[in-house]
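This report describes selected features of one protein model. Please have the sequence and the 3D view at hand while reading.

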Amino acid sequence: MGEKNNITLGEYIEKNLVIPAYQRGYVWSKKDKDHVTKLLDDLVTAFDNNQTKFMQAVTVYEEDNKVNIVDGQQRTITFYLLLAYLNNGNNTDFKELTYRIRKESNDFLQKDIKNFFEEHQYTKEPSENEEYKDLYFFKRSLYIFNQNNKLKDDVFKNEFKEFILNNVSFLYIPIAKEHVKTTFTMMNGNKAQMRSDELIKAELLRLISTDESNVVVNRARVAKEWERWIQWWNRNDVKNIFSIGGNKSNDKLKELIILLYNIKNTSKKYNFNNNELFFLFKSQYLQNKNNALNTFNKLRKLQKKFEDIYNLPKIYNKVGFILKFHNTYDTLLYILKEYNKDCDQDCNLKKLYYLSALHGLKWNNIKNYLEEKQFTEENNTDINYYDYYKNTIENATYENNSDLIYSILLLLNIEEDDKLERKFDFDITKEESIEHIFPQSNFMDKNENNDENIITSDEGHSVGNLVLLYGNENSALSNKDFNKKKEILFNYGNQDWFKRSIHLLDTIKEFSKAQWGSDEIKTRKDTILNFFDSTYQNFNNFKVKEG
């Protein structure tokens, strides 16, 4: 830390103050919704009692006669707005305040605020539909000031202004520039901060505005596309497919930014907080204007690839299935590298799609096979995976191999959608379940009954008697006979139960049969094994070699 100085508000506003682009905007959280009212009430009380008002510290770094605010920007802007209000819209008390977070917001503070007062808009409750949230909160602060009856008196306003300029004090803490990152992260660790996509966008717009050539065109184009990307990434159907590692944050473009960072960076680091990702990304991709524009173009190309994947049903289905079982950035980077909209039987993306169905295969083994045409195992045993998984599926039961059965059933349903060139609804996979077509309660032991048509537990728990359902819908079907299950499934009406399961075409195909018994179970099992043969026999060297 640098020197610590106690300065008055009047001394503070004589500096050339800058709100850096990496700061969050002037936005109040629900917790802070009354902070402007509380601050004003405290200031008026201090005035009435002729008391000095000490504020929290402001931390800054000074460079080229500019004072960059690291911590304290919300208080700085609130006082800027209060002094503007006391001057009827003129902000001449501040020597200079530059709001680099957003050009439109800076324009309001520098010049538009005067028209705002001349048109008496500060007397009206601002609309929450304001295009930029910080503009809404600027106007909201001015509106709150106007609700204070004392501030409507011109004599009081003049006396009150002189009082706060001389009797409001800050602890002013300048720090070295190289300590900004650590200090900012430490001080803002528990505060609502700008998301990393907002920080990067702000710095990108700042850099492309560093000279006059095509500034307006570049800013408008970048801002418009960026906002469209945010809206796209914030869609639930997009997040269902591409959000990696269960990322639930509001950092909507984080996937795209992290992927671009790691395409160039070899450290394979993916778990960034907002500030860390911003500073690392800035150091490599946001160094100057040309570098920033090139970065934007790279992001645009990467975004286009994601949108292409999303818009092509067969590719969409493959990627959604792969990420269901290998939900990592490494996998997604590999998908982006191998993506080809004309992918045929031999392409690696299609191979990865089918290999992902084989529960238990590790991602590193799959990737090694795709790149080197062989698997590697720690024990170097000679395992023929084709034979191993065919035998496992043939003998799999619901009780012992439910994970493998689930992945195969999901694959079968997606294959049906592929035939129609229809996107699979991956929202189903959030609450999937496996249903016995022939009810478990009716399984019998051969020793108990010599009837050839009885269903034993081994047969009933096999893949031939199982289908996929959505959520807990199997509880509505549980232990009912085939015809009753079929009636419920095809007559769901307006109920929510089966609105998703009705889209599981492999499931519906089996329930459309006229009857269900031992013969149908055997036929379905043979169909699944034949599907495995025809699909996986095309893989070359689908085994582990000794040594």
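The text below goes from the whole chain to strands, helices and single residues.

The model is predicted: local features need pLDDT of at least 70, side-chain atom pairs count only at pLDDT 80 or more, and totals for chains, interfaces and linings use all residues. Residues are numbered from 1 along each chain as its sequence is written, and side-chain values use heavy atoms, with hydrogens and water left out.

## Whole chain

The protein has 24 helices and nine strands. Helices (H or I, at least four residues) and strands (E, at least two) are DSSP runs, numbered from the N terminus. Of its 547 residues, 52% count as buried. Buried means under 20% relative accessible area, exposed means over 50%, and partly exposed is in between (1.4 Å probe, protein chains only).

The exposed surface of the protein comes to about 26400 Å², of which carbon and sulfur atoms supply 42%. Accessible areas come from the Shrake-Rupley method with a 1.4 Å probe, and for residues only the protein chains shown count as cover. A contact requires heavy atoms within 4.5 Å. Among contacts between residues at least 6 apart in sequence, 74% join residues at least 24 apart.

## Strands

Strand β2 (residues 16-19) is covered on both faces: N16 and V18 are buried on one side, L17 and I19 on the other. Two strands pair if DSSP finds at least two bridges between them. β2 pairs with strand β6 (residues 96-99) in the parallel sense over four bridges, and Y99 in β6 is the bridge partner of I19. β2 also pairs with strand β5 (residues 66-71), again in the parallel sense, over two bridges. There, V67 in β5 is the bridge partner of L17.

Strand β7 (residues 168-174) has six of its seven residues buried, so it is largely enclosed by the rest of the structure. Its pairings are listed here.

| Partner of β7 | Sense | Bridges | One bridge pair |
|---|---|---|---|
| β1 (residues 5-8) | antiparallel | four bridges | N5 with Y172 |
| β3 (residues 53-54) | parallel | two bridges | F54 with S169 |
| β4 | parallel | three bridges | V58 with Y172 |

Y172 in β7 is thus listed as bridge partner of N5 and of V58.

E63 lies in strand β4 (residues 58-63). With 31% relative accessibility, E63 counts as partly exposed. Leaving out residues up to four places away in sequence, E63 touches N68 and K177. E63 and K177 are 114 residues apart along the chain, and their C-alpha atoms are separated by 8.2 Å.

## Helices

Two packed helices are described by the angle between their axes and the distance between the axes. The axes of helix α13 (residues 289-311) and helix α14 (residues 313-325) come within 5 Å and cross at roughly 100°. That makes α13 roughly perpendicular to α14, a term used for angles of 65 to 115 degrees. Axes are lines fitted to C-alpha atoms, for helices over the stretch in contact, and angles run from 0 to 180 degrees between N-to-C directions.

In this contact, I309, Y310 and N311 of α13 meet P313, I315, Y316 and V319 of α14. The residues of the contact divide into six nonpolar, one polar and no charged. Ala, Val, Leu, Ile, Met, Phe, Trp, Tyr, Cys and Pro count as nonpolar, Asp, Glu, Lys and Arg as charged, and the others, Gly among them, as polar.

Helix α16 (residues 348-355) is mostly covered, with eight of its eight residues buried. The buried residues include K350 and K351. Those of α16 pack against α14, α15 (329-338), α17 (363-372), α19 (402-419) and α24 (518-536).

I393 lies in helix α18 (residues 385-395). At 4% relative accessibility, I393 counts as buried. Not counting residues up to four places away in sequence, I393 touches L404, I408, V463, I528, L529 and F532. I393 and L529 are 136 residues apart in sequence, yet 7.6 Å apart in space, C-alpha to C-alpha.

## Loop residues with positive phi

Most residues other than glycine have a negative phi. N50, which is not a glycine, has a positive phi near 55°. N50 lies in the loop between α2 (35-48) and β3 and is exposed, with a relative accessible area of 63%. E421, also not a glycine, has a positive phi of about 50°. E421 lies in the loop between α19 and β8 (432-436) and is exposed, with a relative accessible area of 56%.

Terms used:
Angles under 35 degrees count as roughly parallel, over 145 as roughly antiparallel, 65 to 115 as roughly perpendicular and the rest as oblique.
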